[in-house]
Amino acid sequence: MPRDAQPLQRCFWSDGSPLYDGYHDREWGWPVVDDIRLFEKISLEGFQAGLSWITILKKREAFRAGFDGFDFRKVARYTEADVQRLLGDAGIVRHRGKIEAVIHNAGRAIDLQREFGSLARYFWQFEVDISKRPKRLTVEVLRSFTTAPEAIALSKDLKKRGWKFVGPTTMYAFMQAMGLVNDHQHDCHVRAAVEDARRALPRP
């Protein structure tokens with residue numbers, strides 16, 4: 001970096017590591033309509049419960065390998081032998097309840113896809129209404145956003161449909177990451193580009 005160059009301003013939670021900065025710059029908040037990516041993220045958010053996202057991010061490739069790339073049609077067919085295989089995989093979080101929840105949720109994802117045509121069409125119904133929120137998203141404001149009415153509604157509806165590990169805080173983190181809201185802080189260097197991508201996105 002040239003001596004007089006300023007470091008890029010990122011959201012307060014990015015820790016400066018290449019892995020986390022890359023995730024922040026190229027993934028977090030960018031709108032996603034791909035069903036596999038949506039299922040992957042909602043599954044990994046469930047695994048994150050009680051842990052940090054960087055812990056999960058470091059293990060993401062191992063998770064992808066272990067869960068067939070989070071192809072939910074394949075995961076839904078997993079048996080107890082697959083549970084045991086995953087429990088023996090040191091590259092992932094070896095928590096039986098969370099592993100079984102992903103397998104269970106894969107079946108529910110198939111049901112959603114059948115009913116709505118795609119997971120994207122279902123999830124994007126819950127896009128966050130920002131009309132009553134502060135215009136400038138400072139660090140203090142963002143720290144106060146632990147959930148949203150839409151995340152609470154999504155959590156409630158998913159639970160009614162039998163999904164597991166889909167609490168309202170977890171669902172808000174999922175929505176932030178998948179671009180259903182742009183929660184990059186006002187001075188973040190990718191905020192404007194993310195907002196442009198959201199405006200240009202044809203809603204499913």
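Here's a quick look at the empty spaces in this predicted model: one closed cavity and the largest open pocket.

## The cavity

Search the whole structure for cavities of 30 Å³ or more and you get just one. Its volume comes out at about 70 Å³.

Who sits around it? Two helices, α2 (35-48) and α7 (96-116), each put at least two residues into the lining. The full lining runs Ile 42, Ser 43, Gly 46, Phe 47, Lys 98, Ala 101, Val 102, Asn 105, Lys 164 and Phe 165. Sorted by class, that's five nonpolar, three polar and two charged residues.

## The largest pocket

Over to the open side of things: the largest pocket holds about 540 Å³ of space. Its lining counts 23 residues, and the ones nearest the pocket centre are Trp 13, Trp 28, Gln 48, Ala 173 and Gln 176.

Four elements give two or more residues to this lining: α1 (18-26), α2, α9 (139-144) and α11 (168-177). Of these, α11 chips in the most, with six residues. As for chemistry, the pocket lining splits into 13 nonpolar, six polar and four charged residues.

## Where the two meet in the fold

One helix is worth keeping an eye on while you rotate the model. α2 supplies at least two residues to the cavity lining, and α2 also gives two or more to the lining of the largest pocket. For the other main contributors, look to α7 at the cavity and to α11 at the pocket.

Notes: Residues numbered from 1 in each chain as written. Predicted model: local features only at pLDDT ≥ 70, side-chain atom pairs only at ≥ 80, totals over all residues. Heavy atoms only, no water. 1 Å grid on protein atoms, 1.4 Å probe; cavity = no way out; pocket = protein on both sides within 12 Å on 5 of 7 lines; lining within 4 Å. Points joined across faces, edges and corners; volume = space filled by probe spheres on them. Nonpolar A, V, L, I, M, F, W, Y, C, P; charged D, E, K, R; others polar.
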